[in-house]
4 protein chains.
Amino acid sequence: MLTIGVDIGGTKVAAGVVDPQGQILDRVKHPTPSDDPRALADVVARAVGELRERREEDEIGAVGVGVAGFVDEDRATVQVAVNIGLRDHPLRDRVQERVGLPVVIENDANAAAWAEARFGAGRDSDHIVCVTLGTGIGGGLVLGGRLHRGRFGVAAEIGHYRMVPHGRRCACGSHGCWEQYASGRALVAEGRDLARADPEAAERMLKLADGSVEGIEGRAITQAALEGDPAALECFASVADWTGRGLADLAAILDPECFIVGGGVSDAGDILIDPVRLSFARNVSGGPGRRLADIRVAELGGEAGIVGAGDLARR
Amino acid sequence: MLTIGVDIGGTKVAAGVVDPQGQILDRVKHPTPSDDPRALADVVARAVGELRERREEDEIGAVGVGVAGFVDEDRATVQVAVNIGLRDHPLRDRVQERVGLPVVIENDANAAAWAEARFGAGRDSDHIVCVTLGTGIGGGLVLGGRLHRGRFGVAAEIGHYRMVPHGRRCACGSHGCWEQYASGRALVAEGRDLARADPEAAERMLKLADGSVEGIEGRAITQAALEGDPAALECFASVADWTGRGLADLAAILDPECFIVGGGVSDAGDILIDPVRLSFARNVSGGPGRRLADIRVAELGGEAGIVGAGDLARR
Amino acid sequence: MLTIGVDIGGTKVAAGVVDPQGQILDRVKHPTPSDDPRALADVVARAVGELRERREEDEIGAVGVGVAGFVDEDRATVQVAVNIGLRDHPLRDRVQERVGLPVVIENDANAAAWAEARFGAGRDSDHIVCVTLGTGIGGGLVLGGRLHRGRFGVAAEIGHYRMVPHGRRCACGSHGCWEQYASGRALVAEGRDLARADPEAAERMLKLADGSVEGIEGRAITQAALEGDPAALECFASVADWTGRGLADLAAILDPECFIVGGGVSDAGDILIDPVRLSFARNVSGGPGRRLADIRVAELGGEAGIVGAGDLARR
Amino acid sequence: MLTIGVDIGGTKVAAGVVDPQGQILDRVKHPTPSDDPRALADVVARAVGELRERREEDEIGAVGVGVAGFVDEDRATVQVAVNIGLRDHPLRDRVQERVGLPVVIENDANAAAWAEARFGAGRDSDHIVCVTLGTGIGGGLVLGGRLHRGRFGVAAEIGHYRMVPHGRRCACGSHGCWEQYASGRALVAEGRDLARADPEAAERMLKLADGSVEGIEGRAITQAALEGDPAALECFASVADWTGRGLADLAAILDPECFIVGGGVSDAGDILIDPVRLSFARNVSGGPGRRLADIRVAELGGEAGIVGAGDLARR
């Protein structure tokens, strides 16, 4: 059986036909309609329809939809999805009535984690923690070979466990959340702070930006770091240190076999991952005798969401 | 089928016959032999033998043994159990060859958590986090109805995830572990710090102790708090605040249906639990709309370890 | 000799004739001209002129001007005064050429501290730290009987020493500044956080506000606390705890004879000061044998700025 | 007039004849008598006597004695000096009655700070903060050209202001003191932690020690860092980061013209000072426009205590 995986992002709806080996056989893409829940189900249905047209009848058995937001425990309702303007929206039923196939909705980070666990960097492991270092931090847990969704469907909000008591205010309303210290946003904050305090040291980053402190973005820091610029490497060192600390906490709680690190910040490769590994080893409780989880880089990139949503629909 | 659950503690080996409803039908108890792994298996075997003698032949089908230490993923070897002097000890085989029944070894906090999940405060829930506030903090996770042991058998070391970066040194070698702030040891440290800073305010606690700051123990603080002593209540407020913070972190990561709080500190009842609930509500990420996990007091008390070990042996 | 003290605030310019005993003999007040440095000197000169007209000729010998901003080491130039729109402004000369008397400019918190040191709660002490808990935290140091202005005139920015590494972002650009935890703003943040997490517990505060979380201001919290409302008292307890921690740090560094606590938050009186004292005693380094600085409430209220500026002009 | 400066350390009593230019003209040294306050005054008197014998009559006008401990506000009594076993000891009178000259007692870090302020790295500055990074952190403040001793004689205990709330326990009984993060002890802790977590990375430090983690001392880390060893440099980076944070806090409070950094850790020179300067610039409040205090290395080395005690006796 084939399925269709859909990944609803803030700007585009990407869909693909997914086979049981996690390969994407065909793809379509449409812009995300802004702030119109009704139109959203229409666009998803259209994408599904286009892909089905190009297949044999009955070849597609189900549809999985990944969305950046809280999805309830029945995988039917999107509770909140800030960047696409949904709140308590019965997305599963809306799509199902349009496409006439079984549909499941899933949080996009969960979908991506499932894809990595089944077909990517975690395919040989039963206990996996996926950490997506994007603008914030997304997470997905596969424990005992099963996606762990939690009681209310909102498990793995790992970016919002507290790293620093009384720490930096987070958009979530809380203080000191992990993503305030280890994420793309944190990387940029480091770069700008450093450039303000010592513009000379930050010369390369400033040049790769538009010359202004506020122009420094993750891309400039990453490129400077890959060139060996010490200031940019220091920014990565800070993010890596906090990332490793978070993985150490998750290891104490979950004892996974591996961590899979993805997201834009991980594009820096070893410049990020090597110091993350050292920080993890230095911060994990249990001493030198402890067998440590692997820290691996995600393998499926931006299409993990489609693959994961499609595969979850199969189950 | 009946089973036997054994709980190996630092001072005694307690065993009981456990029925499928989690009832203990019979009990025996022996002192823990100190620092002699061979003798330990003998004592366990003796306890099992005594209980079997008082039953019909073949009534007992398996033995579960809970031990305070790291147990490997095969539930066969005790990797480290500091307070009973075991290291890389094949306890399962040693007991099995003596009793001639299937044996499983389990971490004692895991065994207790399983008992609470099956027969205690969590019997109606699928996703449970048990938090035992003893001298330190012990933990057990039941996720999706299954005991989560982790890849290497050491999941749920929740007392050693980091609460405070660069925080208090912990006996585990790390800094800032949760149990340095929310445990019996932390409660006592609070009481003594307060008594040193303001002996007048701490008068009641000092009197319930032997009059000396160093004589203040958890019992005195608990009793003073139950009497309404403001200083003792302040000590509980601190421990409760940090406990709630930890539960909030675990909720962000695991999204359980309930937390079950046990251990000696929880003997204080509402004096502890009410401020824990408030702290949890204040610190959990996700805002007012979020459905929150229940915080419940453990129901099975000191025998949860026997019940859990016995029931795990049945599976 | 009499002098005139002027206190330039964000909304009004208040001036008074100050005698050598720190009494204010006469007063005038004008609105602060917005964002017009030239007009500001005119208004100050006008206030001075009005007060002089009502005196004997030559009775007034000098003018002191307190301003909320950084004043340089020569007490001539206002480097930055955000809320009245000055930057590198030669305020002393501008006023001097208009009034024809010797003029000194001083930071307003320094002026107020000097007044308390000379005529208020610190009049019998040589080493004084003034802490003004307003919206933020202002400070003034009198050490060895002299106002400590520092090398560049910006000493005693105590609200911006760091209380929490990696802590809450501050308007000053830094993170974790003391005033993010112990100030009127912090009190309000506590109240709103609590009301969001537990509206029922915050009922009294909400009622004293307009019923909305965002309507909760310091006034409502203070009134509720004075009525004995537990939730409001908890907000004060948090601010008091952090205040006492800061005083303990300042005691370790400066070893003053007394702290003088003023500002709007201190209007709550013992509800604030009692827990501040306890927190101070618990957090100060040096053990029970150490002789501790007094913690006193400011005595001169809102006119301390006029008195201090006037008296500093005399020297 | 010449004076004699005496520096009482844990193992030796060093004395010298000090001229008004801060030069030491003659020296003697004796072992510190252990735990015998009476013998201590005898040894100090003997050292003074020997130096006077080699001078013209009446050439020596006064004696200053520096001691590692709390000295009261009258500079007469040693309140506590743990490492030489004094408690509430009238050292000034004991020495004075033996030598027949005016005597002042001073805390040794204050004496050394005074020497640096008068004759060393701070000789052109009025507002100076001395920071001695030894095993712990010692401090001395010269404000407005005067030694700031505080109300009770114990100012400048800067090693025990709190850097981290709820942080590492300190020998002083408090938690999170600065010296737990930025001192020789902190450097060694970093080195050992790193060697435990990653022995391979720490290979050079281990080799310069005796091969064991516990054998790693400050000397080995410093030597490895001077050779360019990345792991050792990382240890210095941590200590430098926390040092700069502390200087930033002190700048917010005191606004000095310069910081003078001395003590054993500063032997590493630029390897320490360069990152301290960067950390200071990044952490100081006030933004890029702020004029920053210089950070200088101490110039007088181990004899600053003698010079400072001698010079203070002259006043």
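# Domains, copies and contacts in a predicted model

The domain assignment splits chain A into domain 1 (2-115 + 303-314) and domain 2 (124-298). The model is predicted. Chain B lays onto chain A with an RMSD of 0.0 Å. The contact between chains D and C takes 37 residues from chain D and 37 residues from chain C.

**Domain arrangement in chain A**

- Domain 1 of chain A is assigned in two segments, 2-115 and 303-314, and domain 2 of chain A covers 124-298.
- The C-alpha centres of the two domains of chain A are 28 Å apart.
- Where they meet, domain 1 of chain A gives 10 residues and domain 2 of chain A gives 15 residues.
- On the domain 1 side of that contact, β5 (70-71) and α3 (108-119) of chain A each supply at least two residues.
- The largest share of that side, five residues, belongs to α3(A).
- By residue class, the domain 1 side that touches domain 2 of chain A has seven nonpolar, one polar and two charged residues.

**Fold of chain A**

- Chain A holds nine helices and 13 strands.
- Its radius of gyration is 20 Å, close to the 20 Å that the globule rule gives for 315 residues, so chain A is as compact as a globular protein of that length.
- The C-alpha trace of chain A spans about 60 × 50 × 35 Å along its principal axes.
- Of the 315 residues of chain A, 61% count as buried.
- Take the contacts in chain A between residues at least 6 apart in sequence: 63% of them join residues at least 24 apart.

**Chains A and B**

- Two copies of a chain are related by a rotation about an axis and a shift along it.
- For chain B onto chain A, the turn is 180° and the shift along the axis is 0.0 Å.
- The two copies are thus related as by a two-fold rotation axis.
- Which residue of chain B comes closest to the rotation axis? It is B:V164, with its C-alpha at 3.2 Å.
- The copies meet through the same surface, because 100% of the interface residues of chain B are also interface residues in chain A.

**Chains D and C**

- Chain D and chain C each bring 37 residues to their contact.
- Helix α7 (residues 230-254) of chain D provides the largest share of the chain D side, five residues.
- The side of chain D that touches chain C divides into 17 nonpolar, 11 polar and nine charged residues.

Technical notes
Residues are numbered from 1 along each chain as its sequence is written. Chains are lettered from A and ligands numbered from 1 in the order in which they are written. This is a predicted model: local features need pLDDT of at least 70, side-chain atom pairs count only at pLDDT 80 or more; totals for chains, interfaces and linings use all residues. Domain bounds come from an automatic or database domain assignment. Two residues are in contact if their C-beta atoms, placed from the backbone, lie within 7 Å. Helices (H or I, at least four residues) and strands (E, at least two) are DSSP runs, numbered from the N terminus. Ala, Val, Leu, Ile, Met, Phe, Trp, Tyr, Cys and Pro count as nonpolar, Asp, Glu, Lys and Arg as charged, and the others, Gly among them, as polar. Copies are superposed by least squares on the C-alpha atoms of residues with pLDDT of at least 70 in both. The radius of gyration is taken over C-alpha atoms; the globule rule is 2.2 Å times the number of residues to the power 0.38. A residue is buried if 20 or more other C-beta atoms lie within 10 Å of its own, exposed if 12 or fewer, and partly exposed in between; C-beta atoms are placed from the backbone.
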